[in-house]
Amino acid sequence: GSRHTVIIKSGGSVYTVGNNSCGQLADGSTSGRSSFVQVVASGVSAIAAGSDHTVIMKSDGSVWTAGGNTYGQLADGSTSHQLTFVQVVPSAVIAIAAGGYHTVIMKSGGSVWTAGRNDDGQLADGNAIQRNSFVEVVSSGVIAIAVGRLHTVIVKNDNLVYMAGIL
């Protein structure tokens with residue numbers, strides 16, 4: 001993240017360290033940490049860190065988010081910060097990415113869903129309205145996702161690369 005770090009260890013345990021002003025360390029507080037603290041014991045297969053939010057994907061394909069939510073980037077249907085991980089997708093996710101203040105997921109079958117800040121079009125939904133829950137932006141055929149602070153990139157199964165937002 002901008003000022004926090006998230007790591008995953010073998011077995012799927014997750015540790016966080018750094019700034020925690022919005023709860024992005026997912027330790028139940030807003031106190032910053034200068035050493036790693038374990039926040040998930042096991043079962044996590046992927047992690048992503050945005051500017052002030054953290055996203056994890058568990059081995060069952062569920063997605064959980066914590067931290068800053070000013071723009072709806074946690075995709076929990078609100079704009080309230082979360083100090084611990086909350087489940088936002090129950091299953092079927094195969095990839096996650098966290099931009100500055102937006103979150104992108106890819107589900108099995110290659111659909112792509114986005115949430116969060118959108119004033120630069122980074123959600124790829126054809127407008128500039130922020131979203132506090134996931135909206136489907138590509139229905140199938142995506143094989144990879146990536147994000148930057150203000151943009152989203154996808155690779156489709158025809159090997160063409162598409163980008164939304166600004167660099």
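A residue is called buried when its relative accessible area is under 20%, exposed when that area is over 50%, and partly exposed in between. In the structure described here, which is a predicted model, Q24 has a relative accessible area of 2%, and this residue is therefore buried. Q24 is placed in the loop that runs between β2 (14-18) and β3 (33-40). A polar atom of the Q24 side chain lies 3.5 Å from the backbone nitrogen of S21. When residues up to four places away in sequence are not counted, Q24 touches H4, N19, D52, H53, T54, A66 and G67.

The two strands on either side of this loop belong to a sheet. Three strands form this open sheet, in the order β1-β2-β3, and their pairing is antiparallel. Its edge strands are β1 (4-8) and β3, each of which pairs on one side only, and the twist from one strand to the next averages 20 degrees. Between β1 and β2 the antiparallel pairing extends over five bridges, and within this pairing I7 has Y15, a residue of β2, as its bridge partner.

A further open sheet consists of four strands in the order β8-β9-β10-β11, and here too the pairing is antiparallel. The edge positions are taken by β8 (93-98) and β11 (131-138), each of which pairs on one side only, while the twist averages 20 degrees from one strand to the next. As a matter of general background, the strands of a sheet pair through backbone hydrogen bonds, in either a parallel or an antiparallel arrangement. β8 runs antiparallel to β9 (residues 102-107), to which it is joined by five bridges; A98 has its bridge partner, T103, in β9.

Strand β8 also takes part in the packing of nonpolar residues. The largest nonpolar core has 14 residues, and those with the most contacts inside it are V55, V63, V89, V93, I96, I105 and F134. The elements that give two or more residues to this core are β4 (44-49), β5 (53-58), β7 (82-89) and β8, and of these β8 gives the most, with three residues. Apart from this core lies another, of 11 residues, which includes V6, I56, W64 and A66. The surroundings of V93 can be described in more detail: leaving aside neighbours within four places in sequence, V93 is in contact with M57, G61, V63, I105, M106 and K107. In soluble globular proteins, nonpolar side chains tend to be buried together.

Charged side chains were examined next. A salt bridge requires a side-chain nitrogen of Lys or Arg within 4 Å of a carboxyl oxygen of Asp or Glu, and by this rule the count comes to three. In one of them R33 is joined to D27, with the closest N and O atoms 2.7 Å apart; R33 has a relative accessibility of 36% and therefore counts as partly exposed. In another, the side chains of D119 and R117 meet at 2.9 Å, N to O, and D119, at 42% relative accessibility, is likewise classed as partly exposed. The side chains of D125 and R131 also meet in a salt bridge, with an N to O distance of 2.9 Å, and R131 counts as partly exposed because its relative accessibility is 26%.

One of these salt-bridge residues, D119, is also a neighbour of A128. A128 is placed in the loop between β10 (111-116) and β11, and, leaving aside neighbours within four places in sequence, A128 is in contact with N118 and D119. The C-alpha atoms of A128 and G165 are 9.7 Å apart in space, although the two residues are 37 residues apart in sequence.

A final site is that of T152, which is placed in strand β13 (residues 151-156). T152 has a relative accessibility of 4% and so counts as buried. The side chain of T152 reaches the backbone oxygen of Q122 at 2.6 Å. Q122 is also among the residues that T152 touches when those up to four places away in sequence are not counted, the others being H102, V104, A146, V147, Y162, M163 and A164.

Note on methods:
Residues numbered from 1 in each chain as written. Predicted model: local features only at pLDDT ≥ 70, side-chain atom pairs only at ≥ 80, totals over all residues. Heavy atoms only, no water. Pairing = 2+ DSSP bridges. Axes fitted to C-alpha atoms, helices over the stretch in contact; angles between N-to-C directions. Buried < 20%, exposed > 50% of the residue type's maximum accessible area, 1.4 Å probe, protein only. Polar contact = N/O pair within 3.5 Å; in protein donor to acceptor, adjacent residues only side chain to side chain. Contact = heavy atoms within 4.5 Å. Core = buried A, V, L, I, M, F, W, Y, C linked by side-chain atoms within 4.5 Å.
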